[in-house]
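This report describes how a ligand is held by its protein and what internal space the protein leaves open. The sequence and structure are shown first.

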Amino acid sequence: MLQDISQYILDIAENSLKADATRVDIAIEEDTGEKTIDFTVSDNGSGMEENQLLAVHDPFYTTRTERKVGLGIPFLKQAAEICGGRLEIRSEKGKGTTLQANFKSDCIDCPPLGDIAATLVTLVVGWPRRDFSFRYVVNKEAFAVSTEEIVGILEDRNLLATPETAQWLRRYVTENIKTLRSGRE
Ligand SMILES: Nc1ncnc2c1ncn2[C@@H]1O[C@H](COP(=O)(O)OP(=O)(O)OP(=O)(O)O)[C@@H](O)[C@H]1O
Ligand SMILES: [Mg+2]
């Protein structure tokens, strides 16, 4: 099992990138009244056939060749279900995949959010040719950022993968989430 929700998001987004997605949309929604935390990762990658989609819940199913088991999705499913939540995957061959996980945040085993800024920096800097968007909602208050927006400001896509951009993005995301979460209750 992974430590926190940010690590699960990174793992799931890496599936999207392996499936040749050119765009990955990540959203996290917290509701402190309902005590839920949900996240969605949506991509325009290769998608899956119906039988493949049924098989992904099985830890022995993988299309990777280096080892024989794929653990990302089964781990996440287990983590969500332990906390009274669920995992839902919708996929269409040739169109893309949307995965949504929900957790009950008052469950003692609910993973902490973790370092979501680090996850985003890893994705943006590691895959500067792909587009990412990120949206964080706490009780309907939202913060959003996207690579399109950043490239618009930088006026040069090559600058996405620089240490300066990484540092700026890390701080920008961390501060905005901190502000958003400090207003929750
Ligand atoms: N977004 C996606 N688009 C297309 N296929 C996907 C996507 N996510 C998962 N899959 C398919 O489901 C399989 C299982 O995914 P899972 O994350 O559980 O394991 P893995 O990626 O193969 O291995 P691991 O995550 O342990 O490195 C993948 O090998 C891939 O074939
Ligand atoms: Mg995986």
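## The ligand shell

The shell around ligand 1 is made up of seven nonpolar, 10 polar and four charged residues. The model is predicted. In total, 21 residues surround ligand 1, and the closest of them are Asn15, Asp43, Thr62, Thr63 and Arg64. Two helices, α1 (5-18) and α3 (72-82), each contribute at least two residues to this shell.

## Polar contacts and burial

Both side chains and backbone offer polar partners to the ligand. In the side chain of Asn15, an N or O atom lies 2.8 Å from an oxygen atom of ligand 1. The side chain of Lys18 likewise has an N or O atom, 3.2 Å from an oxygen atom of ligand 1. For Ile73 the partner is a backbone N or O atom, at 3.0 Å from an oxygen atom of the ligand.

Ligand 1 exposes 600 Å² when taken alone, and the protein buries 91% of that area.

## The largest pocket

Where does ligand 1 sit? Ligand 1 occupies the largest pocket, whose volume is about 740 Å³. This pocket is lined by 31 residues, and those closest to its centre are Asn15, Lys18, Thr62, Thr63 and Ile73. Asn15 and Thr62 thus appear both among the residues closest to the ligand and among those closest to the pocket centre.

The elements that give two or more residues to the pocket lining are α1, β2 (36-43), α3 and β4 (96-104). Of the elements, α1 gives the most, with six residues. By residue class, the lining comprises 13 nonpolar, 10 polar and eight charged residues.

## The enclosed cavity

How many cavities of 30 Å³ or more does the model contain? The count is one. The volume of the largest cavity is about 70 Å³. Its lining consists of Leu120, Val124, Phe132, Ser133, Phe134, Val145, Ser146, Thr147, Ile150 and Leu169.

At least two lining residues of the largest cavity come from each of α4 (116-126), β5 (131-138), β6 (141-146) and α5 (147-154). Strand β5 has the largest share, with three residues. The cavity lining divides into seven nonpolar and three polar residues, with no charged residue, whereas the lining of the largest pocket includes eight charged residues.

## Summary of the site

Ligand 1 sits in the largest pocket, and the protein buries 91% of the area that the ligand exposes when taken alone. Helix α1 supplies six residues to the lining of that pocket, and helices α1 and α3 each supply at least two residues of the ligand shell.

Terms used. Residues are numbered from 1 along each chain as its sequence is written. Chains are lettered from A and ligands numbered from 1 in the order in which they are written. This is a predicted model: local features need pLDDT of at least 70, side-chain atom pairs count only at pLDDT 80 or more; totals for chains, interfaces and linings use all residues. Side-chain values use heavy atoms; hydrogens and water are left out. A residue is near a molecule or strand if one of its heavy atoms lies within 4 Å of it. A polar contact is a pair of N or O atoms within 3.5 Å; within protein, one must be able to donate a hydrogen and the other to accept it, and residues adjacent in sequence count only if both atoms are side-chain atoms. Accessible areas come from the Shrake-Rupley method with a 1.4 Å probe; for residues, only the protein chains shown count as cover. On a 1 Å grid over the protein atoms alone, a cavity is a set of points where a 1.4 Å probe fits but cannot get out, and a pocket is an open set with protein on both sides within 12 Å along at least five of seven lines; lining residues have an atom within 4 Å of a point. A molecule sits in a cavity or pocket if more than half of its atoms lie within 2 Å of its grid points. Helices (H or I, at least four residues) and strands (E, at least two) are DSSP runs, numbered from the N terminus. Ala, Val, Leu, Ile, Met, Phe, Trp, Tyr, Cys and Pro count as nonpolar, Asp, Glu, Lys and Arg as charged, and the others, Gly among them, as polar. Grid points are joined across faces, edges and corners, and a volume is the space filled by probe spheres set on the points.
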